[in-house]
Amino acid sequence: MEIRYDIEVDARGLQCPMPIVNARKTFQSLQSGQTLRVLATDPGSVNDFKGWANMVADAELVAQETTEIDGKMVYVHYVRKK
Amino acid sequence: MTTNGQMAVIERASPDLSTLHEQVERLQAQVDALRAQSPDNRLSMVVFSGDLDRVLAAFVIASGAAASGMEVSMFFTFWGLTALRHKRESRGKTLFQKLMGWMTPVGTRGLGVSKMNFGGVGAKMLRTMMRQQGVPQIEEMVQMARDLGVRIVACQMSMDVMGIHKDEILDGVEVGGVATFLADATRSKATLFI
């Protein structure tokens, strides 16, 4: 799956709540229509980004995927600013 | 029947303007009243515990909520106050207050865990385990919560009872009472006691 994104946050190796805390900081700087990609190794981030996108009024969770990078499971989240 | 029916249609088609105005005003008042009652996008917490693990949980929730765009208020009372101390003062205190001051931790670094503390060894072990897993240390969590704009209030009554002075508490922490907590709690979507 190839999804276009404008900026990336690498939260690999970080635990809850750091992936969403770091995502928020970057998300705030986005302009409407731009997409943020977040890389995380925390399996809980899959549900966390669903909940986060529900709570943040101008965030839309476009896609989530799982890939393997350097032998580690990586959870990738795409969030678009409405 | 037909006469009554026609009458009703005629009335509906030509409404009295002053009646409409009255209805709009009444509805507006109801909307305002509902809006005043509806909660903000806010989370309120009482942090009563002075255990490292519990205070950490409070800060994880606080920073997670703040990162999700919620307003967050944390009210530190009783043992929870020890997490907000940055120094130990003995001047101007009663004997019991001095004892309390010496026997309770100063700041998050002195907090023990709620189980298996073993005189602080447990707390050190937990901190090491958290570091190994990439969990931020509680001191970073406190800083992060404050950077995210979390409102931190220290309970005045607990401070008076325990003899904790304002200058022993971290800078930028507000002081308040139960009404301060309730004012925020009553317009919160969620309220927690930790």
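Here are some questions and answers about how features of this predicted model get their labels.

Q: Why is A:D70 called exposed?
A: Count the C-beta neighbours inside 10 Å: A:D70 has 6. The label "exposed" applies at 12 or fewer, so A:D70 counts as exposed. You'll find A:D70 in the loop between β3 and β4 of chain A.

Q: What is said about phi of A:D70?
A: Phi is positive there, about 50 degrees, although A:D70 is not a glycine.

Q: Why does B:F118 count as exposed?
A: Same recipe: B:F118 has 11 C-beta neighbours inside 10 Å, and the cut-off is 12 or fewer, so B:F118 counts as exposed. B:F118 sits in the loop between α4 (95-103) and α5 (121-132) of chain B. Its phi is positive too, near 45 degrees, and B:F118 is a residue other than glycine.

Q: And why is B:G122 called partly exposed?
A: B:G122 has 17 C-beta neighbours inside 10 Å. Buried needs 20 or more and exposed needs 12 or fewer, so B:G122 lands in between and counts as partly exposed. B:G122 belongs to helix α5 of chain B.

Q: Which residues is B:G122 in contact with, leaving aside neighbours within four places in sequence?
A: They are B:G112, B:V113, B:M116 and B:N117. As for B:G112, it is 10 residues away along the chain, and the two C-alpha atoms are separated by 7.3 Å.

Q: What makes β1 and β3 of chain A edge strands?
A: Each pairs on one side only. The open sheet has four strands in the order β1-β2-β4-β3 (chain A), with mixed pairing. In that order, β1 (7-11) and β3 (59-69) are the edge strands.

Q: How do you know that β1(A) and β2 of chain A pair?
A: Two strands pair if there are at least two bridges between them. Five bridges join β1(A) to β2 (residues 35-40) of chain A, so the pair qualifies. These two strands run parallel, and A:D10 has A:L39 in β2(A) as its bridge partner.

Q: Which helix packs on the sheet and touches β1, β2, β3 and β4 of chain A?
A: That's helix α1 (residues 18-29) of chain A, whose direction makes about 160 degrees with that of β1(A). Helix α2 (residues 45-55) of chain A lies across β2, β3 and β4, running at about 170 degrees to β3(A).

Q: Where is the cis peptide bond?
A: It goes from A:C16 to A:P17, with omega near 5 degrees. A:P17 is in the loop between β1 and α1 of chain A.

Q: What makes B:F59 and B:M74 stand out in the largest nonpolar core?
A: Both are among the residues with the most contacts inside this core, which has 59 residues. Core members have to be buried, so B:F59 and B:M74 each have 20 or more other C-beta atoms within 10 Å. The largest share, 10 residues, comes from α3(B). Beyond its neighbours within four places in sequence, B:M74 has contacts including B:A58, B:A62 and B:V150.

Q: How many residues meet between the two chains?
A: 11 residues of chain B are in contact with 13 residues of chain A. On the chain B side, helix α3 (residues 52-67) gives the most, with four residues. That side divides into five nonpolar, six polar and no charged residues.

Technical notes. Residues are numbered from 1 along each chain as its sequence is written. Chains are lettered from A and ligands numbered from 1 in the order in which they are written. This is a predicted model: local features need pLDDT of at least 70, side-chain atom pairs count only at pLDDT 80 or more; totals for chains, interfaces and linings use all residues. Two residues are in contact if their C-beta atoms, placed from the backbone, lie within 7 Å. Ala, Val, Leu, Ile, Met, Phe, Trp, Tyr, Cys and Pro count as nonpolar, Asp, Glu, Lys and Arg as charged, and the others, Gly among them, as polar. Axes are lines fitted to C-alpha atoms, for helices over the stretch in contact, and angles run from 0 to 180 degrees between N-to-C directions. A nonpolar core is a set of buried Ala, Val, Leu, Ile, Met, Phe, Trp, Tyr and Cys residues joined through C-beta atoms within 7 Å.
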